[in-house]
Structures are given as C-alpha cells and as structure tokens.
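Work through the exercises below with the coordinates open. Each task is followed by a solution in steps.

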Amino acid sequence: MRVWIQGRRLERVMSLFNQCESMKHSLVSLRFSFSKLNLSILSQKESFDSREKSVMSLFNQCESMKHLEQLHAHVIQTGLDQNLFVMGKIIVFCAVSEIGSMDYALSVFGEIENPDGFLWNTMIRGLGRTRQPEKAFEFYKKMQVKREVLDNFTYSFLVKVCGQLGSVLLGKQIHCNVLKHGVEEHVFVRNTLVHMYGMFKDIKTATHLFEEMPSSYVVAWNTIIDCNVYCGRYKEAIELFFRMWQSGIRPDDGTFVVTLSACAALGELDIGRRVHSCIDHTGLGNVVSVCNSLIDMYAKCGVVEAAYEIFNKMKVRNIVSWNTMIQALAMHGHGDEALELFSKMAEEKLATPDEVTFLGVLSACSHGGMVEEGRRYFYVMRRDYNIQPTIKHYGSMVDILGRAGLVEEAYQLIKSMPIECNSIVWRTLLAACRVHGNLELAERVRRHVSELEPDHSSDYVLLANMYASSGQWNKMARVRKSMHIRGVQKPKPGNSYIGFQPSHEVRFKYN
C-alpha cells in the first residue's frame, strides 16, 4: 500500500480499503493525517468544476511537501491530474516555494500530457533556483523541439540564469533570441538583460540598455544602481539615485538599501545623511531592511552613535539588525558593548544567533583583547547552537590568539582545523609572529604561505624585516634577492578618496 501511495496509485489503496474490513485499522493513521488538510470536502460525486474549486481551496492549507503529496494523491483520485490549472498550483509549490522539491516537480511535470506555456516557464524558473541552473536550458531546448510558444517570461527566466552562471557567450546568444522573438521591449526582459550584463561587469552595455528604455520604472532604476554598485562604481550609483529622485520616480526600500551600500563603501557620511533625509520624506524609515542599511552606513562612516540610535528606535528587528549592530560596535572598539548586546539578544531570545553573529562576537573579542571570552564563545557556538566554524571563524580565533601573543597556540589551532587553511589565516599568524618577534615560527608559517601564494610581496617584506630586526642581515639579503629573482613587486600604491558633490540637487517632492 505504501508503494502505491508514493506512486500516486491511491485508487488501488482505496479499493483494497473498501474490500477488506480487516485492513481498515492499518489505514486509520493514514486517513487521520489526511484530515489535517480537511480532505473530506473532496468527493467524486461533485461536478468537475466543484471538485476543482474544492481542490484549489486546499492549497492554502499546504505547509509542507508531505501535505502537498497527500493533496496530489487526492487530485489523482478525483480525476484532476490533467487539469492544467490544478497541476500548475502543484508545480508552483514544488518549484518556486522555499519548502518545495524540484525533484517532485520534475516527476509531476513528466506525467502531464499537454503542459501549457505557464508550466514550462515555471519549470525553467524552478530549475534556475537549483544548484544546477544550467538544466533550465534543457527545458528550453525541449520547448523549441515541441514548438512551444516562447514568451517574455521564458526569456526573463533564461536571461537571469545566464547572469547566475556568468556565461557571457550564452547570455549574448539568449539576447539574440530575445531580439529575434521581438520581446526586447518588455519591461521584465529588459530589466533582466540590464541585470545580466551588470553581473558580467559589462556596465557599458547595461547602461545602454537602461538608457534605451522609453519609461524607466523603479525596478529598472534599482537594477542599474545595483549593477553600478556590483561593479564598484559607487559614485555613479549615487549619481543615478539623485537623478532618479529628480525625475520624480518614487524610490522604494530596495533603492535605499543599494544606495546606502554605495555611501558606506565610499565612507560618504554627508551624502549618506542626505539619503537618510530622503528616506524620512518617503516614510520608509521603519522598514527593517532600510534601518539595517542605515546602521551599516553610519557605522562604516565612523558614526557608531548614530547607528546605535537607529537600532534603539527600531520597533521590529531581525537577525541582520542584531548582527549589523554587533559588528559595528566591534569594529569601533566597543567590545564590551558588543558582547553585552549579544548577551541580551541570546538571553532574552530576541533572535537566534547565526554564523555571522559569532563572527561579530569574535571580532569584538579580538579588538578588545578578550582571549578567554573568545575561547568561550567559540565553544558555545558549537555546543549551544550547533554552528560549525567556517574558515572565517578560525581566522578570527587565530587573530585573537595572535594579538595576545599566543602564536604557538594559534599555530596548533590551524593545524587541528578540520578544513583546509587559506593564505589569509596563515598571513594573519605571520603578522602576529612579526609583532611578537617569534622568528622561528614565522619561518614555518612562511613555508605554509608560500605553498598557497608563493609571490605575495607582503610575506617577503615581513620576513625580511624580521631578519633585519634580529640582526640577521645575510638572511634578509637572501629574501630580498629571492623577491627580485622571482619578479615579486609590491602592489600598486594606495590612494585617498576625496568626497564629491552629486550633480543633481535634492529637492523633496514627497510628503
């Protein structure tokens, strides 16, 4: 019976149930689980339209794949398994929802005799969300073979997958097909094209496509601003924001989040404050994501007091809010306050800590020189929250121990790591050896670093300076000569950034 149920052969199960009285007790639990979805409202005696309406009303009650599978079994029993509207609901749940199953969606789709364009597009969309998004193009080829209609939604999903894959050649091929089928002017397609070229870091083409749009909606502005931020063109992103404001387009929370990230990257406090004023004028100051971005912007611009004020005024906070504030306090040397905030969050169960939370906590311990607290939280993370340390957590612990002069303990921690160490963590320990004058360990660490990144100039310079400090001039000369022979050079010199004034004057148009 269980095999028939899983194979959606529920009619066989019900036939046996009605024929054999002795089997009824074995199906009591099965029917009881069905009652969670109130499946008793379904009846084969109802008309076709009435059955369809009854089934559709049950989709809102589905809270898991188990519920969906139960409902699907009854859909088959009531003869609605080829109803495209009903099957579309099942496939959307499986392919698009966070609790769905793409494998189940593929199984269901394979049983539909004549799927329509909506079902094909949903499958492409769902496959684009998996770990193998390239499989979406297999369905695209099947659509072409079966001469299915390729519409704007088909190409929107495919263009998005191209951006995810980072395949420039494939993206340009799909773009050509977009032009061939005449859907390039559709707003969804155009926006995804702009985003795709932004992901390719071809900002020139992305900007050209944006400027060609006859009327730009807020989504289009958000897309091009985000593309500029992604490409490191923070100044241009801010210019676009003020241009958008001047054109009378009302920004949404997404606009402010991405613009504030540009201000944070540049450390542009004055412009960040002007964007904050725009937020107040649009009434979006209570949106959690916007508040989180304001906290991040003020913290990275050095005004942690303003960040804390916004945090305290928030009526609703999520884990990102707590993480951002903890990291802000840690970044500015307020380690005790950061740990106090974490303790309040954990003890009052205001949010569940995640791996990012503990990165902030360990950073606070590092900047505050709190070795014992760092060890404790590193242990608590695994014991109480079942969070396995990543390379970043180990790096933070190495930094904590290295700053305290416990370089041998830091070295043993690296050697005991269950994951492969990277050059950044080894270099952190090398710098600690330089500070605390442990030349012997520095030589060992340098060998590990050279296996991963043999031509990084700072490693040569650090070791050469240590030899010089200890009076070992011959060894210093050998390091310098080795650096010269291998052609290792220092990276480009640093540079300073001078703030700019946006060319578009801000005038508040919204009440």
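**Exercise 1. A pair of helices**

Task: Find how helix H25 and helix H27 pack, and state which residues make the contact.

Solution.
Step 1. Locate the elements: H25 covers residues 407-415, and H27 covers residues 439-452. Bear in mind that the model is predicted.
Step 2. Take the geometry. The two axes lie 11 Å apart, at an angle of about 25 degrees.
Step 3. Classify the angle. Angles under 35 degrees count as roughly parallel. H25 and H27 are therefore roughly parallel to each other.
Step 4. Assign the hand. H25 and H27 cross in a left-handed sense.
Step 5. List the contact. H25 supplies Val407, Glu408, Tyr411 and Lys415, while H27 supplies Leu441, Arg444, Val445 and His448.
Step 6. Sort these residues by type. The contact of H25 with H27 has 4 nonpolar, 1 polar and 3 charged residues.

**Exercise 2. A second pair**

Task: Are helix H28 and helix H29 roughly parallel or roughly antiparallel? Describe their contact as well.

Solution.
Step 1. H28 spans residues 457-469 and H29 spans residues 473-485.
Step 2. Their axes come within 8 Å and cross at roughly 165 degrees.
Step 3. Angles over 145 degrees count as roughly antiparallel. H28 and H29 are therefore roughly antiparallel.
Step 4. The crossing of H28 past H29 is left-handed.
Step 5. On the H28 side, the contact uses Ser457, Tyr460, Val461, Leu463, Ala464, Asn465, Tyr467 and Ala468. On the H29 side, it uses Trp473, Lys475, Met476, Val479, Arg480, Ser482 and Met483.
Step 6. By type, the residues of the H28 and H29 contact are 10 nonpolar, 3 polar and 2 charged.

**Exercise 3. Two residues of one helix**

Task: Place Lys235 and Ala237, and decide for each whether the residue is buried, partly exposed or exposed.

Solution.
Step 1. Lys235 belongs to helix H15, residues 234-246. Ala237 is in H15 too.
Step 2. Apply the cut-offs: buried is under 20% relative accessible area, exposed is over 50%, and partly exposed is in between.
Step 3. Lys235 has 40% relative accessibility, so Lys235 counts as partly exposed.
Step 4. Ala237 has a relative accessible area of 0%, so Ala237 is buried.
Step 5. Check the surroundings of Ala237. Setting aside neighbours within four places in sequence, Ala237 contacts Ile225, Asn228, Val229 and Ala262.
Step 6. Add C-alpha distances. Ala237 and Trp221 are 9.9 Å apart in space and 16 residues apart in sequence. For Lys235 and Glu268, the values are 9.7 Å and 33 residues.

**Exercise 4. Polar side chains in helices**

Task: Are Thr324 and Asn191 buried or exposed, and what does each touch?

Solution.
Step 1. Thr324 sits in helix H20, residues 319-331.
Step 2. Its relative accessibility is 12%, so Thr324 counts as buried.
Step 3. Look for a polar partner. The Thr324 side chain reaches the backbone oxygen of Val320 at 2.6 Å.
Step 4. Not counting residues up to four places away in sequence, Thr324 touches Asn292, Ile295 and Asp296.
Step 5. Asn191 sits in helix H12, residues 187-199.
Step 6. The relative accessible area of Asn191 is 9%, so Asn191 is buried.
Step 7. Leaving aside neighbours within four places in sequence, Asn191 is in contact with Met213, Val219, Ala220 and Thr223.

**Exercise 5. Positive phi in loops**

Task: Find where Lys349 and Asn386 lie, and give the phi of each.

Solution.
Step 1. Lys349 is in the loop between helix H21 (335-347) and helix H22 (355-368).
Step 2. Lys349 has phi near 55 degrees, a positive value in a residue other than glycine.
Step 3. Lys349 counts as exposed, at 73% relative accessibility.
Step 4. Asn386 is in the loop between helix H23 (371-383) and helix H24 (391-403).
Step 5. Asn386 also has phi near 55 degrees, and is not a glycine.
Step 6. Asn386 is exposed, with a relative accessible area of 62%.

**Exercise 6. The chain as a whole**

Task: How many helices and strands does the chain have, and what share of its residues is buried?

Solution.
Step 1. The secondary structure comes to 29 helices and 0 strands.
Step 2. The chain has 511 residues, of which 46% count as buried.
Step 3. Take contacts between residues at least 6 apart in sequence. Of these, 61% join residues at least 24 apart.

Key: Residues numbered from 1 in each chain as written. Predicted model: local features only at pLDDT ≥ 70, side-chain atom pairs only at ≥ 80, totals over all residues. Heavy atoms only, no water. Axes fitted to C-alpha atoms, helices over the stretch in contact; angles between N-to-C directions. Helix = DSSP H or I, 4+ residues; strand = E, 2+ residues; numbered from the N terminus. Parallel < 35°, antiparallel > 145°, perpendicular 65-115°, else oblique. Left-handed = near helix turned anticlockwise from the far one by under 90°. Contact = heavy atoms within 4.5 Å. Nonpolar A, V, L, I, M, F, W, Y, C, P; charged D, E, K, R; others polar. Buried < 20%, exposed > 50% of the residue type's maximum accessible area, 1.4 Å probe, protein only. Polar contact = N/O pair within 3.5 Å; in protein donor to acceptor, adjacent residues only side chain to side chain.
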